[in-house]
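Me: I've got a model open and want a quick walk through how it packs. Can you take my questions as they come?
Reply: Sure, go ahead.

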Amino acid sequence: MKLKIENVTKVFGEKHAVDGVTVELTNGVYGFLGANGSGKTTLMRMLAAVSRPTTGTITLNGEEIGKMGDRYRDLLGYLPQHIGYYKHFTVEKFLYYIASLKGLEKHAAKEKVTELLETVNLTEKRKTKMGKLSGGMKQRVGIVQALLNDPKILIVDEPTAGLDPKERIRFRNLLAAIAKDRIVLLSTHIVSDIEYIAKEILIMKNGRLIEKDTPQNLIHYIQKKVWCVTAGEAEVPVYQSTFKVGNISRQPEGIELRIISEEKPAANAVNVPVNLEDLYLYYFDEEVGA
Ligand SMILES: Nc1ncnc2c1ncn2[C@@H]1O[C@H](COP(=O)(O)OP(=O)(O)OP(=O)(O)O)[C@@H](O)[C@H]1O
Ligand SMILES: [Mg+2]
């Protein structure tokens, strides 16, 4: 399967929310990173055929998705960033309702709902009203509804927002397990969600796609740019105003700063192993500490 995005732009008034994005997606997990407002949701909505590009085309195996109608929706699972629930419906009723919209037969729906509720660890909540669930539980119901029709293209917009660490790991494993023969696009602000399962990472900034590469290559790219510096209390603000500073930890021998810099930031600076958090900092330092 090949989902091809060619020169796609989405304009709201004067705002180019998505600005000339060209990218090709094939089977596997794509991790989608970008600061708030960088255009992730806008692009995902177009990929889910909820909205149309202002200019440019999106095709699946050569066919424009906007023209495929139900044939595209049958292949698609979509978890929007903000989803409206029916708070008076029980979990089960909500899911059967969505299953019927997706054209699943009753028996198949029942089997699938039972299986997926088990997968997201929500079986005992099946009779609970949606309005009584915690945020993380609602999110898990959202994940279930996206998977009901066994989608070949799964687009999930910040699926792990609000999940506790244990459920995040569970979800990550679930995605890794199902990703083999489908296209999965997952946006997140939590780098560890995608560090090990993403085939490639897409980085968006101001509506533009600025990177698309394997986690290994992206990490390799900043290999010699991540430093550890030990400093005194008074030097910390100086470093912060001069460099991109990540974690700051207090150690017996002084304060340790993690710094991203092309040049060695201090005489006592040493290069340290890079992780994807550093990558995020490299591209979106303005967000750190915000
Ligand atoms: N319907 C709309 N009308 C006007 N502007 C919009 C609309 N939808 C999005 N935007 C603008 O487009 C830009 C991209 O927004 P988008 O929601 O796609 O970002 P995002 O990367 O998903 O951000 P976040 O990480 O906060 O979810 C923002 O500046 C936003 O204000
Ligand atoms: Mg968004």
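Me: How far apart are the axes of helix 6 and helix 7, and at what angle do they pack?
Reply: This is a predicted model. In it, the axes of helix 6 and helix 7 (residues 165-178) lie 12 Å apart. The packing angle is about 10 degrees. Angles under 35 degrees count as roughly parallel, so helix 6 and helix 7 are roughly parallel to each other.

Me: Which residues meet there?
Reply: Helix 6 brings Arg140, Ile143 and Leu147. Helix 7 brings Glu167, Phe171, Leu174 and Ile178.

Me: How do the residues of that contact divide into nonpolar, polar and charged?
Reply: Five are nonpolar and two are charged. No polar residue takes part in the contact of helix 6 with helix 7.

Me: What about helix 4 and helix 6, what's the angle there?
Reply: Helix 4 (residues 91-101) packs with helix 6 (residues 135-147) at an angle of about 25 degrees. Their axes are 10 Å apart. Helix 4 and helix 6 are therefore roughly parallel to each other.

Me: Left-handed or right-handed crossing?
Reply: Right-handed, as helix 4 passes helix 6. On helix 4, the contact is made by Val91, Phe94, Leu95 and Ile98. On helix 6, Val141, Val144 and Gln145 make the contact. By class, that contact has six nonpolar residues, one polar and no charged.

Me: Switching to sheets. What's the strand order in the six-strand one?
Reply: The order is 6-7-8-3-9-10. That sheet is open, and the pairing is mixed.

Me: Which strands stand at the edges?
Reply: Strand 6 (76-79) and strand 10 (208-213). Each has a single partner strand, so one side of each is left without a neighbour in the sheet. On average, neighbouring strands of this sheet are turned by 15 degrees against each other, direction ignored.

Me: How many bridges pair strand 9 with strand 10?
Reply: Five, in the antiparallel sense. Strand 9 covers residues 200-205. Lysine 205 stands opposite arginine 208 in strand 10.

Me: Which strands does helix 7 touch?
Reply: Helix 7 packs on the sheet and touches strand 3 (28-34), strand 7 (153-157) and strand 8 (183-187). The direction of helix 7 makes about 155 degrees with that of strand 8.

Me: And helix 10, which strands does that touch?
Reply: Helix 10 (residues 276-283) packs on the sheet too, touching strand 3, strand 9 and strand 10. The direction of helix 10 makes about 25 degrees with that of strand 9.

Me: What about the four-strand sheet, what's its order?
Reply: That open sheet runs 12-13-11-14, and the pairing is antiparallel. Strand 12 (244-251) and strand 14 (270-271) are its edge strands, each pairing on one side only.

Me: How many residues are in the hairpin link from strand 12 to strand 13?
Reply: Two. Six bridges join strand 12 to strand 13 (residues 254-260). Serine 249 stands opposite glutamate 256 in strand 13.

Me: And strand 14, what is the bridge partner of tryptophan 227 there?
Reply: Asparagine 271. Two bridges join strand 11 (residues 226-231) to strand 14, and those strands run antiparallel.

Me: Last one. Where do the domains fall?
Reply: The domain assignment gives domain 1 (3-215) and domain 2 (223-273). Their centres, taken over C-alpha atoms, are separated by 37 Å.

Terms used. Residues numbered from 1 in each chain as written. Chains lettered and ligands numbered in written order. Predicted model: local features only at pLDDT ≥ 70, side-chain atom pairs only at ≥ 80, totals over all residues. Heavy atoms only, no water. Axes fitted to C-alpha atoms, helices over the stretch in contact; angles between N-to-C directions. Parallel < 35°, antiparallel > 145°, perpendicular 65-115°, else oblique. Left-handed = near helix turned anticlockwise from the far one by under 90°. Contact = heavy atoms within 4.5 Å. Nonpolar A, V, L, I, M, F, W, Y, C, P; charged D, E, K, R; others polar. Domains from an automatic or database assignment. Pairing = 2+ DSSP bridges.
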